[in-house]
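I sat down with this one today and kept notes as I went. Here is what I looked up, in the order I got to it.

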Amino acid sequence: MTLETVSTNRCFGGTQAVYRHASRATGTDMVFSVYLPPQAQQGPCPVVWYLSGLTCTHANVTEKGQFQRACAELGLIFIAPDTSPRGPDVPDDPAGGWDFGLGAGFYLDAIQEPWSDHYRMESYITGELPELVAANLPVVLDRQAITGHSMGGHGALTLALKNPGLWRSVSAFAPISSPMRCAWGEKALSNYLGPDRAAWRRHDATALLEDGARLPELLVDQGAADPFLDAQLKPELLEEACAKAGVPLTLRRQAGYDHSYYFIASFMDDHLRWHAERLRP
């Protein structure tokens, strides 16, 4: 597997890069960004994976997340994949919605046509992309963390719950806590997976916790002024599920903050330092 360099920029002594490659998981070209801190010039570094939310690409957090300075200080590689496959042959929401299809892969492997040919983001994030990164970049494979925003927060939680030990630490910004119980999730899960709600449980953090999956601990920030808070995100459901499962959860409700990258940038430094402590040798 080879990487095509799309761009590189010097940044805080390190390099902010964007790469493209042909994906066997999605059957399309995929693009992702990587920040290599100055320490990567001396040898392999630990990795923080960031999964983005609805409508986003790798570019949103790369340009607005303000993670590079902290990663340069802490010696962290920061990797931001895309949110879905893209290309002329990739189907989109036939109704033209922004919350399904392109930009809304929900970090699962679709089993329903026509989505199953390309929408295989779970296999891409947990298998193909880490393999590609390990073959081409100076990463420490046993020192990885994962975080994400909104749909990407859902992805970080569910993928970590289903793959214990793959990531040492997990956090999220305003995650979709229970896709089975919100309109965004119900639309995506029914189209990608079909009508059997029992099959949806593998892709719902609260259900995974109820069914026995566990995390060592979890950090979540949620804007209290988020317009999607009550109808779509429902952090109280995650809070309840973690309490019942005995999973230590730090849920910080941030007064006045919304769902935007202004919110993410405000607390990105906290999350990176939290992960750095858990990624120490």
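**Entry 1: a serine in a loop**

I began with Ser 150, which is buried, with a relative accessible area of 3%. I placed Ser 150 in the loop between strand 6 and helix 4. Its backbone caught my eye: phi of Ser 150 is near 60°, a positive value in a residue that is not glycine. I reminded myself that most residues other than glycine have a negative phi. I should also note that this is a predicted model.

**Entry 2: other backbone oddities**

I then looked up Phe 106, in the loop between strand 5 and helix 3. Phe 106 has a positive phi of about 60°, and it is not a glycine either. Buried or exposed, I wondered about Phe 106? With a relative accessibility of 0%, Phe 106 counts as buried.

Pro 114 lies in the loop between strand 5 and helix 3 too. The peptide bond leading from Glu 113 into Pro 114 is cis, with omega near 0°. For context, most peptide bonds are trans.

**Entry 3: the sheet**

Next I traced the strands. In what order do the 9 strands of the open sheet run? I read the order as 1-2-3-5-4-6-7-8-9, with mixed pairing. Strand 1 (4-11) and strand 9 (249-254) stand at the edges with a single partner strand each, so one side of each has no neighbour in the sheet. On average, neighbouring strands of this sheet are turned by 20° against each other, direction ignored.

I checked strand 4 (residues 45-51) in more detail. Of its 7 residues, 7 are buried. Strand 4 pairs with strand 6 (residues 139-148) in the parallel sense over 6 bridges, and 3 bridges join strand 4 to strand 5 (residues 77-80), also running parallel. Val 47 made a handy marker for me: Val 47 stands opposite Gln 144 in strand 6 and opposite Ile 77 in strand 5.

For an antiparallel pair I went to strand 2 (residues 14-22) and strand 3 (residues 29-36), which are joined by 8 bridges. There Thr 15 stands opposite Leu 36 in strand 3.

**Entry 4: helices across the sheet**

Which strands does helix 3 (residues 121-136) lie across? I listed strand 2, strand 3, strand 4, strand 5 and strand 6, and helix 3 runs at about 55° to strand 3. Helix 4 (residues 151-162) lies across strand 4, strand 6, strand 7 (169-173) and strand 8 (218-223), and runs at about 135° to strand 6.

**Entry 5: Asp 82**

I went back to the loop between strand 5 and helix 3, where Asp 82 is found. Asp 82 is buried, with a relative accessible area of 5%. What does the side chain of Asp 82 make polar contacts with? I found the side chain of Arg 86 at 2.6 Å and the side chain of Thr 83 at 3.4 Å. Leaving out residues up to four places away in sequence, Asp 82 touches Met 30, Val 31, Cys 56, Thr 57, His 58, Tyr 107 and Met 121.

**Entry 6: cysteines**

How many disulfides are there? The count comes to 0. I looked into Cys 71: the closest cysteine sulfur, in Cys 11, is 9.6 Å from its own, which is too far for a bond. Cys 71 is buried, at 0% relative accessible area. Cys 242 is in no disulfide, and the nearest cysteine sulfur, that of Cys 182, is 17 Å away. Cys 242 is also buried, with a relative accessible area of 2%.

**Entry 7: helix 9**

Cys 242 led me to helix 9 (residues 235-245), where Pro 235, Leu 237, Leu 238, Ala 241, Cys 242 and Ala 245 are buried. These residues cover an arc of only 155° around the axis, so they sit on the same side of helix 9. On the other side of helix 9, I found Ala 243 and Lys 244 exposed.

What do the buried residues of helix 9 pack against? I noted helix 4, helix 7 (205-210), strand 8, helix 8 (229-233) and strand 9. Just after helix 9, Gly 246 takes a positive phi of about 75°, and I closed the notebook there.

Note on methods. Residues numbered from 1 in each chain as written. Predicted model: local features only at pLDDT ≥ 70, side-chain atom pairs only at ≥ 80, totals over all residues. Heavy atoms only, no water. Buried < 20%, exposed > 50% of the residue type's maximum accessible area, 1.4 Å probe, protein only. Helix = DSSP H or I, 4+ residues; strand = E, 2+ residues; numbered from the N terminus. Pairing = 2+ DSSP bridges. Axes fitted to C-alpha atoms, helices over the stretch in contact; angles between N-to-C directions. Contact = heavy atoms within 4.5 Å. Polar contact = N/O pair within 3.5 Å; in protein donor to acceptor, adjacent residues only side chain to side chain. Disulfide = S-S within 2.5 Å. Arc of directions from axis to C-beta.
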